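Please work through the following exercises with the sequence and the coordinates at hand. Each task is followed by a stepwise solution.

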Amino acid sequence: MEKTLYTLIVYSENIAGLLNQITAVFTRRQINIESLNVSSSSIQGVHKYTITAWTDKETIEKVVKQIEKKIEVIQAHYFTDE
């Protein structure tokens, strides 16, 4: 299966331990995170996680669904430059 660089954007509440939960989703699927950036969003109390990883479309869709199941996550979506 051909791997593509995907960028995943996650918006969530600012809860301690959530970053660990999100990265654990990648670890369980043995996906290496290429880059990770966490910052406050323009909405007060909401943080934005930007994650890039090389994987295939089927796997990234499963990762997004799993991350969206987290109670603190408001929205998660992915895209690629292709």
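The exercises concern a core, two residues near strand 3 and a surface patch. The model is predicted: local features require pLDDT of at least 70 and side-chain atom pairs pLDDT 80 or more, while totals for chains, interfaces and linings use all residues. Residues are numbered from 1 along each chain as its sequence is written, and side-chain values use heavy atoms, without hydrogens and water.

**Exercise 1.** Determine which elements supply at least two residues each of the largest nonpolar core.

Solution.
- Step 1: A nonpolar core is a set of buried Ala, Val, Leu, Ile, Met, Phe, Trp, Tyr and Cys residues joined through side-chain atoms within 4.5 Å. Buried denotes under 20% relative accessible area, exposed over 50%, and partly exposed the range in between (1.4 Å probe, protein chains only).
- Step 2: The largest such core comprises 15 residues, and Leu8, Val10, Ile22, Phe26, Val63 and Ile67 have the most contacts inside it.
- Step 3: At least two core residues each come from strand 1 (4-13), helix 1 (18-28), strand 3 (46-55), helix 2 (57-68) and strand 4 (73-80). Helix 1 provides the largest share, 4 residues. These elements are DSSP runs numbered from the N terminus (helices: H or I, at least four residues; strands: E, at least two).
- Step 4: Beyond four places in sequence, Ile67 touches Leu8, Val10, Ile22, Val25, Phe26, Val73 and Ala76, where contact means heavy atoms within 4.5 Å.

**Exercise 2.** Establish whether Thr52 is buried or exposed, and identify its side-chain polar partner.

Solution.
- Step 1: Thr52 belongs to strand 3.
- Step 2: Thr52 counts as buried because its relative accessible area is 12%.
- Step 3: Its side chain makes a polar contact with that of Ser35 at 2.5 Å. Such a contact is a pair of N or O atoms within 3.5 Å; within protein, one must be able to donate a hydrogen and the other to accept it, and residues adjacent in sequence count only if both atoms are side-chain atoms.
- Step 4: Leaving aside neighbours within four places, Thr52 is in contact with Leu5, Tyr6, Thr7, Ile33, Glu34 and Ser35.

**Exercise 3.** Locate Asp56 and describe its surroundings.

Solution.
- Step 1: Asp56 occupies the loop between strand 3 and helix 2.
- Step 2: Its relative accessibility is 12%, so Asp56 is classed as buried.
- Step 3: A polar atom of the Asp56 side chain lies 2.9 Å from the backbone nitrogen of Thr59.
- Step 4: Asp56 and Lys3 are 53 residues apart along the chain, with 4.8 Å between their C-alpha atoms.

**Exercise 4.** Classify the exposure of Leu19.

Solution.
- Step 1: Leu19 is placed in helix 1.
- Step 2: Leu19 counts as partly exposed because its relative accessibility is 34%.
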